[in-house]
Amino acid sequence: MRAWHFSETAYPYLPPAESYPSIRVSLPNRIYDPAKGAALYDRYIDEWLIAEDEGVEIMLNEHHQTATCVDPAAPLMLAALARLSKKARLLILGNPIANRRQPVRVAEEMAMVDVLSHGRLEAGFVRGVPYEILPANSNPVRMNERHWEALDLIVKCWTHHDGPFSHEGRFFHHRSINIWPRPIQQPHPPIWVSTTSTGGAAQVGAHGYIQATFLTGFDTTKRIYDGYRRGWREAGRGEDVPIDRLAYAALIYVGETEARARAGAEKLLWYITANKVPPHFSNPPGYVPVAMNVQLARGAHNVVSAFGTEQATVEGAIEAGTMFAGTPDQVFHQIKKHWNHVGGYGHLLIMGQAGFLEHDDTVHGIRMFAREVYPRLKEIYPETMVSGTSAKLDAVAN
Amino acid sequence: MQSTMLQVADVDLDVFDSGHVDSNQGSGKARPIMFLHGGGGFDQRQPFVAPLAQKRRMVVPTHPGFGKSSLPDWLDSVDDIAHLYLELMDHLKLDGADVIGCSIGGWIAAEMATKAPERFRRLVLVGPVGIKVGPPDKLDIPDIFAMPEAEAQKLIYHEPERMRLDMAKLSDDELAAVFRARETLALLTWEPWMHNPKLKRRLHRVANPALFIRGESDGLISQAYLEAYARMLPNARTLTIKAAGHVPQLEQPAAFAAAVLEFLGE
């Protein structure tokens, strides 16, 4: 089991939520004070480096036009971290390649970071949440097709070393591609892809890339992992899916005492409670399939924006499997329960900072996890394990 | 009155044909009207269909990605549909037809007319989109996808309360068609938003008599936009329908049919 400290570099100093219709897309940037923002960047970078000192890996992501994640050019932050950190793996999850017009440029950025970091890059690719559509002016229809054409092209950019090649595809056109530098890691840096659908997961599994899923709880995560394992096997990759192919992101706070853990967990809920977004931003036409829209219109729960009100309490979020919070023992058992339910994963993406969780409390949470929980997870979930067999293992154990 | 699935290129199109009107009205009257629907799709029960079909044969293709018509993966623009419909005209021998196009259907009609003006007789464009005439820092057409649904309804309808679609009353198939239409509309109009920058450089070729209609309370197409559009065709004029928004054919079907038939010379 490998753990990653994930910070969205949020800007929490906002007016009352009643005063604006959306925290994303349309919130005027006059609210953002660049001086405060600079101090926040300093602080969040410090926290990543503290996580590295504790043996935890580094993860960041990219969003646009939002106070929830002020990292609209994640490769830039990644480049800074490549020089400031020394040993941690550097995961960007990820590059929103269905929204970026130049996949070749993305390949160049990632290759450059891999070289800058002496081969520590983990290159993630995401379709992007629906609120990213407008900031990118990206067509919400056929994103999946664009995503895969871009990803295949990026991999070719990294692995083709014999001078220019051309690409005349459905969405992207290049007459002469020959990127410099090429990545250090051979044949290319590890590739991660996030998805919330079983069909998408099967596709990721067929490619053998690392599948990540965010805040999808118990049953949805299991469905996604089942999809991945099915895709993996059907592509002829063998019966065994190593756990290091699967990742889960949750809100995680470990406190020395229950009281301290509770206080930290309450503040982590900012991710859920602050995410005020109206439907026209959270569900643009074509983002989800027609059949899903019919279900949503009939009152179904939207997995894509799973920030439901029932999860806006610590108990509700823990119950749903979107949060692991408490003392080291409690968190260890919560993770174990989730791990067993979904079939097992090898990466835990820790959303361990949010909103008003101050520096000292964030560091406390990182250290408590790293020192009191992480060693136990590494011991029971070695990277050589196979995913999807926990039911069998349980049966053997019983 | 019937709908038939026709294959044109590799697209399966649902084409409604109201059939020939009584032949003793004279050969001119048998000239068909090709009707190109707007973003809301077409249903032969819509209230403007009967008054028009009483006088003229109406041929109405349902656009690719709307209703029962297929959407191949290569098709992603209004220009693609314009080419497809010229081919449909070949199949159905529709040369000399009048054309009515509403909203995005008006855009399709304008694209078709710039490619082959000689194949049409008269053009009626109703709240048409398709061009950009205003400054770069202001959308000519408000972004209906970036506003609450209720706000969009106010821009589209003169009487939004009366015209509002009650989702709860739709069957799953009907509801699916609504979402599919929305998705296809987004695919076709997303970027550049609701227009083809080249179209206005081509419209001068369309010398056919043309009528540009606008509902008086249309919140999507301004009067200035409509007039600028009409001025790009050498032989066009404008007309306003009262107590109607972006879809006067639905809100004022009688006034709409009367204005159209008068212009077409019935």
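The following exercises, each with a worked solution, concern a predicted model with chains A and B.

Residues are numbered from 1 along each chain as its sequence is written, and chains are lettered from A, with ligands numbered from 1, in the order in which they are written. Local features need pLDDT of at least 70 and side-chain atom pairs count only at pLDDT 80 or more, while totals for chains, interfaces and linings use all residues; side-chain values use heavy atoms, with hydrogens and water left out.

**Exercise 1. Chain A as a whole**

Determine how the radius of gyration of chain A relates to that of a compact globule with 398 residues.

Step 1. The secondary structure of chain A consists of 15 helices and 13 strands; helices (H or I, at least four residues) and strands (E, at least two) are DSSP runs, numbered from the N terminus.

Step 2. A compact globule with 398 residues would have a radius of gyration near 21 Å, and the 20 Å of chain A agrees with this. The radius is taken over C-alpha atoms, and the globule rule is 2.2 Å times the number of residues to the power 0.38.

Step 3. The C-alpha trace of chain A spans about 60 × 60 × 50 Å along its principal axes.

Step 4. In chain A, 58% of the 398 residues count as buried, where buried means under 20% relative accessible area, exposed over 50%, and partly exposed in between (1.4 Å probe, protein chains only).

Step 5. Of the contacts in chain A between residues at least 6 apart in sequence, 76% join residues at least 24 apart; a contact means heavy atoms within 4.5 Å.

Step 6. Chain A has an accessible surface of about 16200 Å², and 53% of that surface belongs to carbon and sulfur atoms. Such areas come from the Shrake-Rupley method with a 1.4 Å probe; for residues, only the protein chains shown count as cover.

**Exercise 2. Chain B as a whole**

Describe chain B by its helices and strands, its radius of gyration and its buried residues.

Step 1. Chain B contains 9 helices and 8 strands. Its radius of gyration is 17 Å, close to the 18 Å given by the globule rule for 266 residues, so chain B is as compact as a globular protein of that length.

Step 2. A box of roughly 50 × 45 × 40 Å along the principal axes holds the C-alpha atoms of chain B.

Step 3. Buried residues amount to 54% of the 266 residues in chain B. Among contacts in chain B with a separation of 6 or more, 78% come from residues 24 or more positions apart.

Step 4. About 11400 Å² of chain B is exposed, with carbon and sulfur atoms supplying 51%.

**Exercise 3. Salt bridges**

State how many salt bridges the structure holds, and place the pairs Glu47(A) with Arg43(A), Glu315(A) with Arg262(A) and Asp95(B) with Arg119(B).

Step 1. Over all chains there are 31 salt bridges, each a side-chain nitrogen of Lys or Arg within 4 Å of a carboxyl oxygen of Asp or Glu.

Step 2. Glu47(A) and Arg43(A) form one at 2.6 Å, N to O. Both residues lie in helix α1 (residues 34-53) of chain A, 4 residues apart, about one turn of the helix, and both are buried.

Step 3. Glu315(A) and Arg262(A) meet at 2.4 Å, N to O. Glu315(A) lies in helix α12 (residues 314-320) and Arg262(A) in helix α8 (residues 258-268) of chain A, so the pair ties together parts that are 53 residues apart in sequence. Glu315(A) is partly exposed at 46% relative accessibility, and Arg262(A) is partly exposed at 34%.

Step 4. Asp95(B) and Arg119(B) are joined at 2.8 Å, N to O. This pair links distant parts of the chain, 24 residues apart: Asp95(B) is in the loop between α2 (78-92) and β5 (97-102), and Arg119(B) in the loop between α3 (104-115) and β6 (120-126) of chain B. Asp95(B) is partly exposed at 49%, whereas Arg119(B) is buried at 13%.

**Exercise 4. The surroundings of Ser85(A)**

Locate Ser85(A) in chain A and identify the polar partner of its side chain among other side chains.

Step 1. Ser85(A) sits in the loop between α2 (74-84) and β3 (90-95) of chain A. With a relative accessible area of 2%, Ser85(A) is buried.

Step 2. A polar atom of the Ser85(A) side chain lies 2.6 Å from the backbone oxygen of Leu81(A).

Step 3. The side chain of Ser85(A) also makes a polar contact with that of Arg120(A), at 2.8 Å. A polar contact is a pair of N or O atoms within 3.5 Å; within protein, one must be able to donate a hydrogen and the other to accept it, and residues adjacent in sequence count only if both atoms are side-chain atoms.

Step 4. Leaving aside residues up to four places away in sequence, Ser85(A) touches Leu49(A), Glu52(A), Ile58(A), Leu90(A) and Arg120(A).
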